Amino acid sequence: MTRYDVLIAGGGNAALSAAISAARDGARVCIVEAAPRAWRGGNTRHTRNCRIAHDAGNGILTGPYPVAEYTEDLMRVTGGVTDEELAAITLERSREVWDFLAGNGVHFQPSLGGTLSLGRTNAFFMGGGRAMLNALYRTAEDLGVDVFYDTAVTALRIEDGFFVSATVTENWQSETPRPREIGARCFVAASGGFEANIEWLTDAWGPAARNFLIRGTPYNTGGVLRLLMESGIRTTGQPDQCHAVAVDGRAPKFDGGIVTRLDCVPFGIVVNAHAERFYDEGEDFWPKRYAIWGRLVAAQPEQIGHVIIDAKSIDLFMPSVFPPEKADTLEELATRIGLDPARLCETVARFNVACIPGDFDHTTHDTCRTEGLDPPKSHWARPIETGPFYAYTLRPGITFTYMGVKVNRDARMVMQDGTASPNLFAAGEIMAGNILGQGYLAGIGMTIGTVFGRIAGTEAARYVSN
Ligand SMILES: Cc1cc2nc3c(=O)[nH]c(=O)nc-3n(C[C@H](O)[C@H](O)[C@H](O)COP(=O)(O)OP(=O)(O)OC[C@H]3O[C@@H](n4cnc5c(N)ncnc54)[C@H](O)[C@@H]3O)c2cc1C
């Protein structure tokens, strides 16, 4: 049996942060990545930035973002459903993330336009998540970390909360899988959530989950999470809690990434399959609301929504990757997207008469709103009357699930009886539910992975050296 000091399941940011930290502290480390090399890096490939506390701007970050403000933001979005000790560690240690990543070859750049106004709070990776990952892989390999691609962790030998070895299966998706045993002094689970496991999503959400699109990697199927649950590790978080946005209904089932998100909702109305509105499209600025629309659409019949806008608004948001449906009349538009034309015209007419005149300004909470309409549109409400008319179809796009393993401040997994395992650690999405009981703050996914990846790697190396 091959032996290492630290065996890490996963090949994204959390795994790399753990691997580099453990290797720098002298441990012999291997990474087992389920994806082939060309697809390595899980959801991290799709990322653009991480949210980090800092006391002053630095030429790229446009101003300070104190830990106290970060804490308030997290408490607001989670409604306090968070492990306060672990949240405090994440936010306090987010101050070190820039130096850690930069020290391991990652470069940063100012935020791009159309990126949800994050220039002060979020550090953007130059070249995006893939370039960031390439830098971390290079560093890990230079430190002697062995990486096995196209190899999944398929079984774990855990005795009373003590990790002994893992079965790792090379070419695990082929007709000739090759299982073998790797022993290690410590195991770090950094294998993502279970968002790509449609069966598991269906258990949590019911049949509606079959209509969800998965924004990221197809490899995050929760296999390691399941093995850990079967080995007596305690879980945290609810299985239906996740980050979900409304994406273009034409996006691929997996891996559509960020380009399939649509930012046009505040400029029009959103109707369901019955051509009825169901939520205030102008409740707040889009960066504060985009993450609720995945759930809103998931709750609609057939898990579908349609944004309807007119010629006045088509140039006001980030261009979409797929062109919208376009028609000179609302009736024609309705037919193209499979809605009852009469019903859509009725809904639009009701909306149009409810719009009270105001000064349209999409950069402020303007005075354009509806009166006497249920649900209301609180801002940016303008009659939809100027052809051509446009429609985008929306589907729920799951970013990642929150339910995962319970960990303590050392990133050690907690057993059912409340004791911490001596040599089982977790980082990233697989334990994000400790901090994100619900809600989301843009850029915190990468921060959780880096902070807890570093802790897991350091603690694993400490355990090995003792
Ligand atoms: C489209 C999109 C955009 C995003 N943008 C941002 C952003 O800008 N900022 C931000 O903070 N967050 C963002 N996120 C969330 C972010 O991607 C995650 O929070 C973060 O990447 C999680 O890192 P991780 O290492 O835990 O998981 P991942 O990067 O997903 O890595 C998990 C790894 O585990 C591997 N794996 C799975 N099962 C097994 C197994 N059985 N054996 C071995 N390996 C296995 C997978 O192949 C994968 O490599 C985005 C997500 C998506 C989908």
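This tour goes through the domains, the ligand shell, one helix pair and one small sheet.

**Before you start.** The model is predicted: local features need pLDDT of at least 70, side-chain atom pairs count only at pLDDT 80 or more, and totals for chains, interfaces and linings use all residues. Residues are numbered from 1 along each chain as its sequence is written.

**Stop 1: the domains.** Colour 2-239 together with 402-465; this is domain 1. Give 245-397 a second colour for domain 2. The bounds come from an automatic or database domain assignment. The C-alpha centres of the two domains lie 35 Å apart. Now select the contact between them. Domain 1 puts in 16 residues and domain 2 puts in 17 residues. Two residues are in contact if their C-beta atoms, placed from the backbone, lie within 7 Å. On the domain 1 side, expect eight nonpolar, six polar and two charged residues. Here Ala, Val, Leu, Ile, Met, Phe, Trp, Tyr, Cys and Pro count as nonpolar, Asp, Glu, Lys and Arg as charged, and the others, Gly among them, as polar.

**Stop 2: the ligand.** Select the shell of 43 residues around the ligand. A residue is near the ligand if its C-beta atom, placed from the backbone, lies within 6 Å of it. Label Gly12, Gly42, Gly216, Gly428 and Gly445, which come nearest. By class, the shell holds 16 nonpolar, 23 polar and four charged residues. Next, show the elements that each supply at least two shell residues: helix 1 (13-24), strand 3 (49-51), strand 7 (151-159), helix 7 (223-230), strand 18 (389-401) and helix 12 (444-465). Helices (H or I, at least four residues) and strands (E, at least two) are DSSP runs, numbered from the N terminus. Which helix gives the most to the shell? Helix 12 does, with four residues.

**Stop 3: helix 3 on helix 12.** Keep helix 12 and add helix 3, residues 84-93. Their axes come within 9 Å and cross at roughly 95°. Axes are lines fitted to C-alpha atoms over the stretch in contact, and angles run from 0 to 180 degrees between N-to-C directions. The two helices are therefore roughly perpendicular (65 to 115 degrees). Show Ile89, Thr90 and Arg93 of helix 3 against Thr447, Ile448 and Val451 of helix 12. This contact has three nonpolar, two polar and one charged residues.

**Stop 4: a three-stranded sheet.** Go back to strand 3. It belongs to an open sheet of three strands, order 3-5-4, with antiparallel pairing. Strands pair if DSSP finds at least two bridges between them. Strand 3 and strand 4 (108-109) are the edges, each pairing on one side only. Strand 4 and strand 5 (residues 122-125) pair over two bridges. Finish on phenylalanine 108, whose bridge partner in strand 5 is phenylalanine 125.

Key:
Angles under 35 degrees count as roughly parallel, over 145 as roughly antiparallel, 65 to 115 as roughly perpendicular and the rest as oblique.
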